[in-house]
Amino acid sequence: MQGDATELAAAIRRGSLSAAEAMQASLERAARRESLGAIAYLDAAMGLAAAHASDRERRSAPDHFSARPFAGVPTLAKDLGGPFRGLPVTAGSRLLERKGGETDSDLAFRFRDAGFCPFGLTTSPEFGLSLASEPAIGPVCRNPLDPARTAGGSSGGAAAAVAAGIVAIAHATDAGGSIRVPAACCGLVGLKPTRGAIPGGPSFGNHLAGIASELAVCRSVRDTALIFDRLSGNSRGPVPDPAPTDIDNGRLRIGLLTDTGPTYPTEGSRLAAVEDAARMLESDGHVIVPLAWADFEWSIAASRRAFADIVSVNLSALIEAAALEESRAEPLTQAFAARGRALSASMLWNTLNDAVLVSHALWALFDKVDCILMPMLASAPLAIGSFPSDHADTNLHLERMAAFAPVACLANISGFPALTLPFGQDEHAMPLPVQLIASMGQEPRLLSLAARLEAEALWQHRFPVAGLAT
């Protein structure tokens, strides 16, 4: 597997590697892989200070240290979301200065409490508006598996850093596939949690109408399960904590979708990976229930419309509230802000109402299946420059994103949890990702099925984690 955060934490815990040595290894790897553009902001002094503090705790309070599952593990936050104290977020934009980061969000506090040592921010497209991470202010983020291709977006920098082994795990956010798409591009595990499972405080507001979730991109299912367990729950609003009532993972009904419609078709090799995963789960005794594109067509179209309207209105409101100089933004960002201002109250109401109906329609599907297996990406990661932001055609940009990740928005708009992981590789040695969606609060089911797929070992990380022996 070439290592993960759990293995790195174990090495630090038993003393074969200090937290400071792990941090130094990450800093050295970051310097060597600078051309990837994964890191937008780096503070070596912050990282080393956190690592030395972790080493002191290991010596002076070993029980407390051992209770932190990721004690001493270096990590990176995303340049969008959070915030993390001391890490000044710009959301990939000239509109925000490298300042701020005075206090931790509730989630950032939990990252630190789990033992992580943050030392920088990963590259994001401007305001997260793209499925590539190539902000005009730089850096352009490239895929470690093939630098001519995108690492995805908007958590592309996080995925590139983890796949390259700069860090073993990194903070990420997902409002329209932004954890899952980069994970799928880079051969990682990406979980978009149930709405309400992860804290968004203390400044909830109505940011993105609840469609965004935060967690991480990971190198293994066990890392994903561990970080979700440590960071989730007791989110204290604005929606209730999910309360799963059934986590029996015995003989499940697995809904199988191998069609993404005629407008945005998925390549045959990627559909074949989904079918292979279904056959493997069927061999374990699960029942495969074929699902048709017609079961999803309206909900997915409505999800795409909702994503477009919500991000546009949110962006225009942010620019107005913060009195930002919009003319300094990328042309595409300005166009999305104008789109938001042009949206009438009645149109926005219809969008939000459709979002509720999307969730209801997905609940109805879960009356006959326990989990849904479907594609994640329609093609291999696209070439750098495939999602330009130097134009004002928002519809064209949205079409390009839909063609690349046809079903990504469904989980965000519905609020349901979704997970992607690689299940093989194509002829160019790029990952073949699959996606699993479960009903609200059923992350344990997703993680159980994902662990079973991962056990087939059809994908191996190309680069070891910094600090771990190859």
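**Exercise 1. Determine the class composition of the residues that line the largest cavity, then identify the lining and the volume.**

Step 1. Sorted by class, the lining of the largest cavity comprises five nonpolar, four polar and three charged residues. The model under analysis is predicted.

Step 2. The residues concerned are P125, E126, L129, S130, A132, E134, E330, L332, T333, F387, S389 and H397.

Step 3. The space within the largest cavity amounts to about 100 Å³. Searching the whole structure yields one cavity of 30 Å³ or more.

**Exercise 2. Classify the mutual orientation of helices α8 and α15 and describe their contact.**

Step 1. Helix α8 spans residues 221-231 and helix α15 residues 443-454; their axes come within 9 Å and cross at roughly 165°.

Step 2. Angles over 145 degrees count as roughly antiparallel, and α8 and α15 are therefore roughly antiparallel to each other. Their crossing is left-handed.

Step 3. On α8, the contact involves V221, T224, A225 and F228; on α15, E443, L447, A450, A451 and E454. These residues comprise six nonpolar, one polar and two charged.

**Exercise 3. Classify the mutual orientation of helices α10 and α12 and describe their contact.**

Step 1. The axes of helix α10 (residues 297-321) and helix α12 (residues 345-365) lie 9 Å apart, at an angle of about 140°.

Step 2. α10 and α12 are therefore oblique to each other. The crossing of α10 with α12 is left-handed.

Step 3. Helix α10 contributes W298, S299, A302, S303, R305, A306, D309, I310 and V313 to the contact, and α12 contributes L348, T351, L352, D354, L357, V358 and A361. By class, this contact of α10 with α12 holds 10 nonpolar, three polar and three charged residues.

Note on methods: Residues numbered from 1 in each chain as written. Predicted model: local features only at pLDDT ≥ 70, side-chain atom pairs only at ≥ 80, totals over all residues. Heavy atoms only, no water. 1 Å grid on protein atoms, 1.4 Å probe; cavity = no way out; pocket = protein on both sides within 12 Å on 5 of 7 lines; lining within 4 Å. Points joined across faces, edges and corners; volume = space filled by probe spheres on them. Nonpolar A, V, L, I, M, F, W, Y, C, P; charged D, E, K, R; others polar. Axes fitted to C-alpha atoms, helices over the stretch in contact; angles between N-to-C directions. Helix = DSSP H or I, 4+ residues; strand = E, 2+ residues; numbered from the N terminus. Parallel < 35°, antiparallel > 145°, perpendicular 65-115°, else oblique. Left-handed = near helix turned anticlockwise from the far one by under 90°. Contact = heavy atoms within 4.5 Å.
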